[in-house]
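Here are my notes on the model you sent over. Have it open while you read.

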Amino acid sequence: MKPKNNTSAPQARPVSGRPLGSITKTASRYVLPEDRIIKYALQSAARELAPHARVRSCMRVTIPAKDAVEVWYSDHRSTAYYRNLMRCGSIWMCPLCASMITERRRNELEKLLSATETIPIIGDMGVERILTVPRFHQSMGTFTVSHHAGASLGSTLAVLENAYKRMWGGRWAKAWKHDHHVIGTIRALEITHGDNGWHPHIHCLLIRNSANTLSTTFDMSVDLVMRWEDCVSLSGGVADKIHG
């Protein structure tokens with residue numbers, strides 16, 4: 001199957017042989033040679049630590065029905081890349097897939113946060129000027145649970161994930177989002193380790209279609225704190241205004 005011609009965007013072309021099926025929609029983001037070597041070294045370590053995970057085949061086994069690996073060259077990026085190799089798609093275990101996935105998500109998030117809209121200012125004589133304002137507004141919350149040095153990461157993470165799922169489920173969450181004009185959320189899980197053991201926490205970006213004020217921000221915070229304490233308690237954990 002030959003790639004379709006598209007004069008509106010630069011095309012990648014095979015270095016040799018016939019082009020085969022694509023396993024990703026876009027070529028990987030260009031990285032320095034030493035960065036690429038480090039990522040492959042980290043992937044090798046991940047394969048040894050998790051020999052039964054999908055990462056063992058990532059970029060080392062051809063995709064089904066393909067019997068050859070191809071090297072393609074991107075005129076737009078001025079770099080070559082492989083095709084017909086399997087991808088594990090693991091953002092946690094594979095540094096190669098993590099780099100590609102997070103870069104794509106970063107581009108999507110950047111487009112969302114930089115979106116604008118125009119508002120005409122109407123005067124007595126008609127339109128006087130056009131204002132360009134942000135299309136969406138953001139608030140961010142961080143959610144965690146109380147933990148101690150002896151607690152395992154698995155048990156603490158299970159409470160956190162269960163409480164977070166409870167918080168955004170049901171009628172309360174639907175009504176709360178409607179009242180505060182929240183049209184979507186973006187979450188990111190972060191795990192650190194310190195004197196009190198494993199510390200998993202979730203950063204949540206709230207996307208709103210109305211601007212924040214001190215009053216609305218305060219109301220949102222109070223509601224979420226109370227809701228989070230209840231959800232953590234129902235999930236078998238503890239959270240309060242200081243630790244949670």
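What share of the 244 residues in the protein is buried?

1. The answer is 30%, with buried meaning under 20% relative accessible area (1.4 Å probe, protein chains only). Keep in mind that this is a predicted model, where local features need pLDDT of at least 70, side-chain atom pairs count only at pLDDT 80 or more, and totals for chains, interfaces and linings use all residues. Residues are numbered from 1 along each chain as its sequence is written, and side-chain values use heavy atoms, with hydrogens and water left out.

2. On secondary structure, the protein has 5 helices and 8 strands, taken as DSSP runs (helices H or I, at least four residues; strands E, at least two) and numbered from the N terminus. Their order along the sequence is β-α-β-β-α-β-β-β-α-α-β-β-α.

3. Now the packing. The largest nonpolar core (buried Ala, Val, Leu, Ile, Met, Phe, Trp, Tyr and Cys residues joined through side-chain atoms within 4.5 Å) has 22 residues. At least two residues each come from helix H3 (153-167), helix H4 (170-179), strand E7 (182-194), strand E8 (197-208) and helix H5 (214-234). H3 gives the largest share, 6 residues.

4. Trp-228 is among the residues with the most contacts inside that core, along with Tyr-164, Met-167, Trp-168 and Leu-206. Beyond its neighbours within four places in sequence, Trp-228 is in contact (heavy atoms within 4.5 Å) with residues including Phe-143, Leu-160, Tyr-164, Ala-239 and Gly-244.

5. Another core, of 13 residues, lies apart from the largest one; Ala-53, Val-55, Cys-88 and Cys-97 are among its members.

Methods:
Buried < 20%, exposed > 50% of the residue type's maximum accessible area, 1.4 Å probe, protein only.
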